[in-house]
Amino acid sequence: MKLAIFGAGYVGLSFAACMAEAGHDVLCADADASRIEGLQQGQMPLHEPGLEALVAEGLAAGRLRFTADKCAASMHGDVLFIVVNTPADAEGEVDLQHVMAVARSIGQHRDRDAVVVCKSTAPVGTAEQVEAVLRDELSQRGAVHRIAVAVNPEFLREGSAVRDCRQPDRVVIGAADPAAIDLLTQLYAPFVTDPTKQLLVMDRRSAELTKYAANAMLATRISFMNEMARVAGHAGADIEMVRRGIGSDRRIGPDFLQAGAGYGGSCLAKDVRALRHAADRDGQVLRILSAVEAANHEQKGRLFDLMTHHFEGDIAHKTIALWGLAFKPDTDDMRDAPSLVLLERLWAAGARVQVHDPAAMPNARAIVGERGDVRWCDTPEDALEGADVLALVTEWPVFRRPAFARIASTLKTPAIFDGRNVYDAVEVEAAGIAYYGIGRGRSVLR
Ligand code: UDX
């Protein structure tokens, strides 16, 4: 099939590369001309494992091409995917200008029938708005092409985008048009093992809401576990044991139960906010989601609270080694990262910070600049030199099995604040290092 993909961000680019790998002829468009120029030379605008090789393979095979020309992309292929960003403001109001700009362009340039697929996360009713814009543009120039609009939300995660694209748990297709359903079913059939169970066809509004409900559920699980971690810490229980205890119940399942420094990233917080805001406008008060947001906000301050307790309120002039900045491992994405909250609090309290992150330092630097006292370090060990204590914020593999003896001999007052509960408290303490986890019974703030 020939596919046009509008948007070369995490989702658009991963999707485009995977579709090219599957043998389709893919033209990927983005309004950012410098991003497109880079991609044409195989330069990646973001860090995503496996994606660079896949893009290079697609380029070499001639199956993946990039363009900044909206008109050319609007004319390309049978199915046109809208995968542009849909930011939400602080209130949760979603900005659909990029989605509508693509719809307008397709309506202005398309010279034959097409299926347009909304893949961007967008509020319920957006597909209908896209359809109205297309109809309006077509009628203005007297065109009579049939353009069906479908919804096909994307559930891939940063850090495992390629794998998630190749092997989705399920594919949601929101459409009423039989030709659109047929085309999307054909397109996705090779990516699932059991199409009868994994291809879920539904109406467009349900498909749009499915995406928000999925992210809201994931955020709820995390905030719930962070709240249980608080209970565990006070009660002298270990949240890691509790996680295993409940995750083995098939009704609950083991995933997304990891207590930690709070959830970050470009999606969970934004989508919870947008869902709550949209419901609010309809006169519905979403009490659970309000609590999920409030709990996450508080959780991002948790590591700082543990440190304040450890230093008995006197953090000024202390030097904190910080391992990890990205909102999760295997990405350079700093959007809504819990590390940003920790940095701001440490600086406000007068602390110095020495950080290392395998990929996110350039992005972090662009956000925080030299606002506080910070040293950007090339290695995890470098960040430890001269520091009082160590905090782990992002569980990159390189941080998972450190030499505790070396940490003990390097830190001035050896203590580890484990914001992702990756270390074994017994092993850490046996090395002569004080251990603080999130909701581990051995930690303070009981
Ligand atoms: C999320 C959704 O998972 C994905 O389906 C959707 O398409 C986009 O949003 P992403 O933001 O890439 O994906 O990362 P995810 O793996 O969901 O992690 C989000 C945040 O939650 C991270 O900060 C992570 O550290 C945190 N998290 C995740 C926890 O604190 N505990 C967990 O158990 C899982």
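## Helix 1 and its surroundings

In this predicted model, the buried residues of helix 1 are Tyr10, Val11, Gly12, Leu13, Ser14, Phe15, Ala16, Ala17, Cys18, Met19 and Ala20. That makes 11 of the 12 residues of the helix, so helix 1 is largely enclosed by the rest of the structure. If you would like to trace what surrounds it, the buried residues pack against two helices and three strands by name: helix 3 (51-61), helix 7 (161-166), strand 1 (2-6), strand 2 (25-29) and strand 3 (64-67).

Helix 1 covers residues 10-21, and from its first C-alpha to its last it reaches 17 Å, close to the 16 Å expected at 1.5 Å a residue. Just after the helix comes Gly23, with a positive phi of about 105°.

## The chain as a whole

Stepping back, the chain has 19 helices and 14 strands. For 446 residues, a compact globule would have a radius of gyration near 22 Å, and the 24 Å of this chain agrees with that. Along the principal axes, the C-alpha atoms fill a box of roughly 75 × 45 × 40 Å.

Buried residues make up 48% of the 446. Among contacts in the chain with a separation of 6 or more, 72% are between residues 24 or more positions apart.

## Two domains and their shared face

The chain is divided into domain 1, residues 2-201, and domain 2, residues 203-446. Their C-alpha centres lie 33 Å apart. How many residues of each domain are in contact with the other? Domain 1 contributes 26 residues, and domain 2 contributes 25.

On the side of domain 1 that touches domain 2, helix 6 (126-140) and strand 7 (171-174) each supply at least two residues. Strand 7 gives the largest share of that side, with 3 residues. By class, the side of domain 1 that touches domain 2 has 15 nonpolar, 7 polar and 4 charged residues.

## Around the ligand

Where does the ligand lie with respect to the two domains? Domain 1 and domain 2 both give residues to the shell around it, so the ligand lies between them. There are 19 residues around the ligand, and those that come nearest are Glu158, Gln258, Tyr263, Gly265 and Cys267. For anyone thinking about the chemistry of this shell, its residues divide into 10 nonpolar, 5 polar and 4 charged.

Helix 10 (residues 204-235) provides the largest share of the shell, 3 residues. Helix 10 has 32 residues and reaches 46 Å from its first C-alpha to its last, close to the 46 Å expected at 1.5 Å a residue. Just after helix 10, Gly236 takes a positive phi of about 75°.

## Two buried loop residues

Ala175 sits in the loop between strand 7 and helix 8 (178-188). Is Ala175 buried or exposed? With 25 C-beta neighbours inside 10 Å, Ala175 counts as buried. Leaving out residues up to four places away in sequence, Ala175 touches Ala150, Val151, Ala180, Ile181, Leu184 and Arg204. Glu21 is 154 residues from Ala175 along the chain, and their C-alpha atoms are separated by 26 Å.

Ile315 belongs to the loop between helix 14 (302-310) and strand 9 (319-323). With 21 C-beta neighbours inside 10 Å, Ile315 also counts as buried. Beyond residues up to four places away in sequence, Ile315 touches Met307, Thr308, Leu346, Ala349, Gly350 and Ala351. For Ile315 and Ala351, which are 36 residues apart along the chain, the C-alpha separation is 5.8 Å.

## Positive phi outside glycine

Most residues other than glycine have a negative phi. Against that background, a pair of loop residues deserves a look. Glu312 has a phi near 50°, a positive value in a residue other than glycine. Glu312 is placed in the loop between helix 14 and strand 9, the loop that also holds Ile315. Glu312 has 7 C-beta neighbours inside 10 Å, so it counts as exposed.

Asp330 has a positive phi of about 65°, although it is not a glycine. Its place is the loop between strand 9 and helix 15 (338-348). Which way does the neighbour count of Asp330 point, buried or exposed? With 20 C-beta neighbours inside 10 Å, Asp330 counts as buried, and 20 is the number at which a residue begins to count as such.

Terms used:
Residues are numbered from 1 along each chain as its sequence is written. This is a predicted model: local features need pLDDT of at least 70, side-chain atom pairs count only at pLDDT 80 or more; totals for chains, interfaces and linings use all residues. Helices (H or I, at least four residues) and strands (E, at least two) are DSSP runs, numbered from the N terminus. The radius of gyration is taken over C-alpha atoms; the globule rule is 2.2 Å times the number of residues to the power 0.38. Two residues are in contact if their C-beta atoms, placed from the backbone, lie within 7 Å. A residue is near a molecule or strand if its C-beta atom, placed from the backbone, lies within 6 Å of it. Ala, Val, Leu, Ile, Met, Phe, Trp, Tyr, Cys and Pro count as nonpolar, Asp, Glu, Lys and Arg as charged, and the others, Gly among them, as polar. Domain bounds come from an automatic or database domain assignment. The expected span of a helix is 1.5 Å times one less than its number of residues.
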